Structures are given as C-alpha cells and as structure tokens.
Amino acid sequence: MTYLSDRIQGLSESATLKMTKLGRELAAKGINVISLSIGEPDFNTPENVKEAAKKAIDNNFTHYTPVPGYPDLRKAIAKKLKLENNLDYDFSQIVVSTGAKQSLSNVILTLVNPGEEVIIPTPYWVSYSEMVLLAEGTSVFIDTDIEADFKITPAQLEAAITPKTKLFMFSSPCNPTGSVYSREELADLAKVFEKYPQVFILSDEIYEHINFKAEHVSIAEFDSIKDRVIIVNGFSKAFAMTGWRLGYIAANKEIAAANEKMQGQTTSGTCSIAQRAGIAAYEDGLDSVQMMKESFLRRRQLVYELLKEIPGVKTNLPDGAFYFFPEISSFFGKKDAQGNLINNSADLALYLLNEAHVATVGGDSFGNDNYIRISYAASDENLIEALKRIKVALAKLS
Ligand SMILES: Cc1ncc(COP(=O)(O)O)c(C=O)c1O
C-alpha cells in the first residue's frame, strides 16, 4: 500500500528526462556518453539577455511580479505577435508563465472537464497526454507515420471529433518529428474547426524560429477560428533560455483571465529577473536566433546523410525543430550479443545507450513505438561520432 495519490501513481515519468538521467549516470562512471536525448539548444543565452538579468538584480527587480507578468513584457510579446506573426492581441490577452510547459498545463486545466476529450495527433510531445490525464480528460489520438510526414489530414481530424471533444493540441514545428504544417494544410484544418464551434485549439509554437521550410504560420492567423486558438510559446528554444523558465499564452480575454486565476493559485508570476531578461531578448532582434538556425540547418543535413547510410533505418528530412524521428521497427525481434531480445523502441534506445553509449529516446513515449527520437542539438563532432556508433551497434543485432 502506498499513501501516494492515485493521480501521481497513474502518471508516467518523462521519458526524455529519464533517458537523460540514465545517460548522466553512465557518464558519471567515466563512460564517454553522447547525449542526443535532450530537447535543448546547445548554445548559451545571448549576452545582452544575460546583461539585462544582471541589471535587473541591481535595480531590485526582486519582488513579487503581477501574476500574468510585467505589463511591459506582455506589451513586448503583443508587439512581437504583431510584427512577426501579423496577429493582433492586446497585452491583456497575454499571460506570462514559468515556461511553455506550465502554460500548456494551465490551458488544459482551465478548459478540460473530467471525461472531455482532447485530440492529439501522434507522435506528440511526451507531456501532452500526461497533462490531459492530470485534468481527468481523455486523450484521443490520431496516428500518423513517416509516409505522411507525420501530419494529419482534415478527414482524420473530422473523424476524431465527437460531441465530447473540447480541445485539439499540436505543435508545429513538431517535437518529436520536426514536421511543419504549411499555410494550406493549416487552412484546411481550420475549415474543419469552423464546423465545430465547441472545439478549442491549443497551438504549441515553441519551435517557431527553428523552421527551415518557410515563414512560420500560426493557426491563429485564420480569423474564423482565432478566438478559439490558444497560442503557447516561450523563450526556451528561440533564445537558448531553457533554464530561465519563461513562456506565455496568447488567447481570448476569458481564457487569459482563467489562466491568470489558475496561476495565481499555484505558482504566481514567474521569476522577476527572467522577465526583465525576456524583454531584452526581444529588443535585440533575431540575430542570435538566425545564427542558431543556420547551425541547426547544417547539422540537419549532416545527420540526414549519416542516417540514410544505416541499413534498417528509415528517415525523412524534417522541416523544423532539431529532431529526427527515424523508423527503426526493422530491428524488433533481433537479439544483442548476450541474447537479449529487442522488443520495442524503449529496448532499442536502452541498447544504444549501453552498447553505443549514445542516449536517444524511444518513440513509445511520444505515442509511436516504431521510431526513436534523435536530437541534433549537439556539436558536429559529437553527431558524427554518435551516428557512427549507432551504425556499428545496430549492425551487431542479429
Ligand atoms: C513541444 C514542446 N512544447 C513545450 C516545451 C516546453 O518548453 P518550456 O521550456 O518553455 O517549458 C517543450 C520543451 O521541450 C517542447 O518540446
């Protein structure tokens, strides 16, 4: 018997954090582990942002902040949405949070009643379904595969909508697949949503700036459904600020106020220093973002060429984010040198960690077991070495 709640017992541990932890444990034993499991840029926060944070401390921005964030940060976010996305939001529609992760959780908890359905295309970011579980909602998955570039069709969306559907949530560019929906594809999905006014759309745009395809398109750009779209975004990926914990939503006023209420009873306003740093991130423009994007573009090509050469691995060329999601199911049913059977993607990820000393993440935790996720937010040198090791280790399976 345990005294822990049913709620926490029913919750899965984050697979990405688990693989990263296992990798760190091996590294602590002196083993040269290459981590391709973590979802963060391998760059440092831009200098001007760090300077702004230091100044914030000296200027005593050290007190509680308004729950939805400092007004000047919210105004800077509204300005960004206008300039970069051509979207009109008043600053009262912006709620700043302790990272996009908290914003996602806030939105789900403020919209979803027990038993209501949340449609999630697979593969999806690990925490989506667990957040729905915490809200006592029901996740309804729409499966996609590499042939479909991991994107759903309007027909699939419509077939998944029921009278119980409350929310549809997705990320574009997508973690874990890197897929990006085009304007035309989003317009077609928006047409379906037009027919179902009870359905809200949670658009996770955290990888907005790591898009190699074209300009970023937000589904909120379709006026007919804008009022039902909640944009979630943040500073972690664009400005290499994962540790600062700074995210936000842009939504209709009622949803924004409800998010503020939720946050007011849980975490309050996020860190004052991080908020001042966030303002500086916007002030300096997108130079450092552009530099990061160019590096990711080069590494994407590097990993693509190397992955294509590995027998049994099927890959596509992702349009955004910094992940590959190759299909690896041809290795299921094979054995390692000790006779251990590879039954699924988690077994394969563990085998690659122990045999090749490369940390990846099994696709099962993203809702599709036939794949693994490889992050290319690592140096060129490490990527070349890691892919070499993976190739050798996979060839040993028989
Ligand atoms: C798709 C997606 N959404 C949200 C987040 C959370 O970002 P944040 O660091 O702002 O909480 C991540 C982080 O990995 C992500 O990949």
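## Talking through the ligand site and some loops

Student: Which residue's side chain makes a polar contact of 3.3 Å with the side chain of Ser37?
Tutor: Keep in mind that this is a predicted model. Ser37 sits in the loop between β1 (34-35) and α3 (47-58), and its side chain has a polar contact with the side chain of Thr20 at 3.1 Å. The 3.3 Å contact goes to the side chain of Ser35.

Student: Is Ser37 buried or exposed?
Tutor: The cut-off for buried is under 20% relative accessible area. Ser37 has 0%, so the call is easy: buried.

Student: On to the ligand. Which helix gives the most residues to the shell around it?
Tutor: The shell includes Gly99, Ala100, Lys101, Leu104 and Trp125. By type, the shell residues split into 5 nonpolar, 3 polar and 4 charged. With 3 residues in the shell, the top helical contributor is α5 (residues 100-111).

Student: Which residue has a side-chain N or O atom 2.6 Å from a nitrogen of the ligand?
Tutor: Let's sort the partners by ligand atom. Asn175 puts a polar side-chain atom 2.7 Å from a ligand oxygen, and Arg245 has a side-chain N or O atom 2.7 Å from a ligand oxygen too. The partner of the nitrogen is Asp204.

Student: How much of the ligand's exposed area does the protein bury?
Tutor: The ligand takes up the space of the largest pocket. On its own, the ligand exposes 390 Å², and the share buried by the protein is 93%.

Student: Tyr207 is in the ligand shell too. How far apart in space are Tyr207 and Phe322, C-alpha to C-alpha?
Tutor: Tyr207 is in the loop between β6 (200-204) and β7 (229-234), and it counts as buried because its relative accessibility is 2%. Along the sequence, Tyr207 and Phe322 are 115 residues apart. In space, their C-alpha atoms are separated by 8.8 Å.

Student: Which residue is joined to Ser172 by a cis peptide bond?
Tutor: Most peptide bonds are trans, so cis ones catch the eye. One of them runs from Thr122 to Pro123, with omega near -10 degrees. The bond from Ser172 has omega at about -5 degrees, and the residue it leads to, in the loop between β5 (165-171) and α8 (183-194), is Pro173.

Student: Ala240 and Ser268 both have positive phi. Which one is partly exposed?
Tutor: Ala240, with phi of about 50 degrees, counts as buried because its relative accessibility is 9%. The other residue has phi near 65 degrees and lies in the loop between α9 (253-264) and α10 (272-283). At 27% relative accessibility, the partly exposed one is Ser268.

Note on methods:
Residues are numbered from 1 along each chain as its sequence is written. This is a predicted model: local features need pLDDT of at least 70, side-chain atom pairs count only at pLDDT 80 or more; totals for chains, interfaces and linings use all residues. Side-chain values use heavy atoms; hydrogens and water are left out. A residue is near a molecule or strand if one of its heavy atoms lies within 4 Å of it. A polar contact is a pair of N or O atoms within 3.5 Å; within protein, one must be able to donate a hydrogen and the other to accept it, and residues adjacent in sequence count only if both atoms are side-chain atoms. Accessible areas come from the Shrake-Rupley method with a 1.4 Å probe; for residues, only the protein chains shown count as cover. On a 1 Å grid over the protein atoms alone, a cavity is a set of points where a 1.4 Å probe fits but cannot get out, and a pocket is an open set with protein on both sides within 12 Å along at least five of seven lines; lining residues have an atom within 4 Å of a point. A molecule sits in a cavity or pocket if more than half of its atoms lie within 2 Å of its grid points. Helices (H or I, at least four residues) and strands (E, at least two) are DSSP runs, numbered from the N terminus. Ala, Val, Leu, Ile, Met, Phe, Trp, Tyr, Cys and Pro count as nonpolar, Asp, Glu, Lys and Arg as charged, and the others, Gly among them, as polar. Buried means under 20% relative accessible area, exposed over 50%, partly exposed in between (1.4 Å probe, protein chains only).
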